[in-house]
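Me: Got a minute to go through a model with me? I'd like the helix packing and the confidence.

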Amino acid sequence: MIDQLKYDIAINRSEKAFRTLFMKFHGSLLRFCSIYINDKSLSEEIISDVMLNLWLKNEQLMEVIDLKVYLFKSVKNRALNYLTKVRKYTHWDIDNIPISHNVDNYSPEFISIEKEFHKKIISHIESLPPQCQLVFKLIREYGLPYKQVADILGLSEKTVDRHLQIAMQKLSEVLKNKIQK
């Protein structure tokens, strides 16, 4: 499907295919960009710039082997370029990370404990080296395969695997501590 969209955009200049592609990737690119940029409107602008550049590429677009990797790399590069210009570093907004279950059925005390535990997990993820954080989010949150993560970040698949192992090891320590309490 993605290859067909790429063809329709590059060769047929189909606006419908472009809109479909934009809608397909917009949400995941926005979440990915927020790893670097803690500003939704700026992230939206970066994604729009990347998509506009994609539209302007015409036949060059057919040379892109993996469009998904291309889009994620482009967003990453634009975000890093922005950060380099303003020398601004971001952090994760803990309050906007959803709790994975329906909290309406639990007591206020339980909800408080779960939120605290959730903050502890995020804190441990934030304490990871930056590459390790990115690998963890790309694989666990966005569901990207190792190969695509390696392509996006310019790493070997073995290095991606090692970063994920480090992240999982840290998080398993947090879980063990919670279970033992």
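Reply: Sure. One definition to start: axes are lines fitted to C-alpha atoms, over the stretch in contact for helices, and angles run from 0 to 180 degrees between N-to-C directions. Keep in mind that this is a predicted model.

Me: OK, so at what angle do H6 and H7 cross, and how far apart are the axes?

Reply: Roughly 140°, and the axes come within 10 Å. H6 is residues 130-141. H7 covers residues 146-153.

Me: What do we call that orientation of H6 and H7?

Reply: Oblique. Angles over 145 degrees would count as roughly antiparallel, so the pair at roughly 140° falls in the oblique class.

Me: Left- or right-handed crossing for H6 past H7?

Reply: H6 passes H7 in a right-handed crossing. On the H6 side, the contact uses Gln 131, Leu 134, Val 135, Leu 138 and Ile 139. H7 brings Tyr 146, Val 149 and Leu 153.

Me: How does that H6 with H7 contact split by class?

Reply: 7 nonpolar, 1 polar and no charged residues.

Me: Now H2 and H3. What's the geometry there?

Reply: H2, residues 15-36, packs on H3, residues 40-56, at about 140°. Their axes are 10 Å apart. These two are therefore oblique to each other as well. H2 passes H3 in a right-handed crossing.

Me: Which residues make the contact of H2 with H3?

Reply: From H2, they include Phe 18, Leu 21, Phe 22, His 26 and Leu 29. From H3, they include Lys 40, Glu 44, Ile 47, Met 51 and Trp 55. By class, the contact has 11 nonpolar, 3 polar and 3 charged residues.

Me: Switching topic. What's the mean pLDDT of the chain?

Reply: The mean is 79, and 79% of the residues reach 70 or more.

Me: Where is confidence lowest, and where is it highest?

Reply: Lowest in helix H5, residues 108-126, with a mean of 71. Highest in H7, at 90.

Me: And which residues stay under 50?

Reply: Residues 88-105. For that stretch the model has 24 contacts beyond four places in sequence.

Me: Zooming out: how many helices and strands are in the chain?

Reply: 8 helices and 0 strands. Along the sequence the pattern is α-α-α-α-α-α-α-α.

Me: How much of the chain is buried?

Reply: 38% of the 181 residues count as buried.

Me: Last one. Among contacts at least 6 apart in sequence, what share joins residues at least 24 apart?

Reply: 65% of them.

Methods: Residues numbered from 1 in each chain as written. Predicted model: local features only at pLDDT ≥ 70, side-chain atom pairs only at ≥ 80, totals over all residues. Heavy atoms only, no water. Helix = DSSP H or I, 4+ residues; strand = E, 2+ residues; numbered from the N terminus. Parallel < 35°, antiparallel > 145°, perpendicular 65-115°, else oblique. Left-handed = near helix turned anticlockwise from the far one by under 90°. Contact = heavy atoms within 4.5 Å. Nonpolar A, V, L, I, M, F, W, Y, C, P; charged D, E, K, R; others polar. pLDDT = per-residue confidence, 0-100. Buried < 20%, exposed > 50% of the residue type's maximum accessible area, 1.4 Å probe, protein only.
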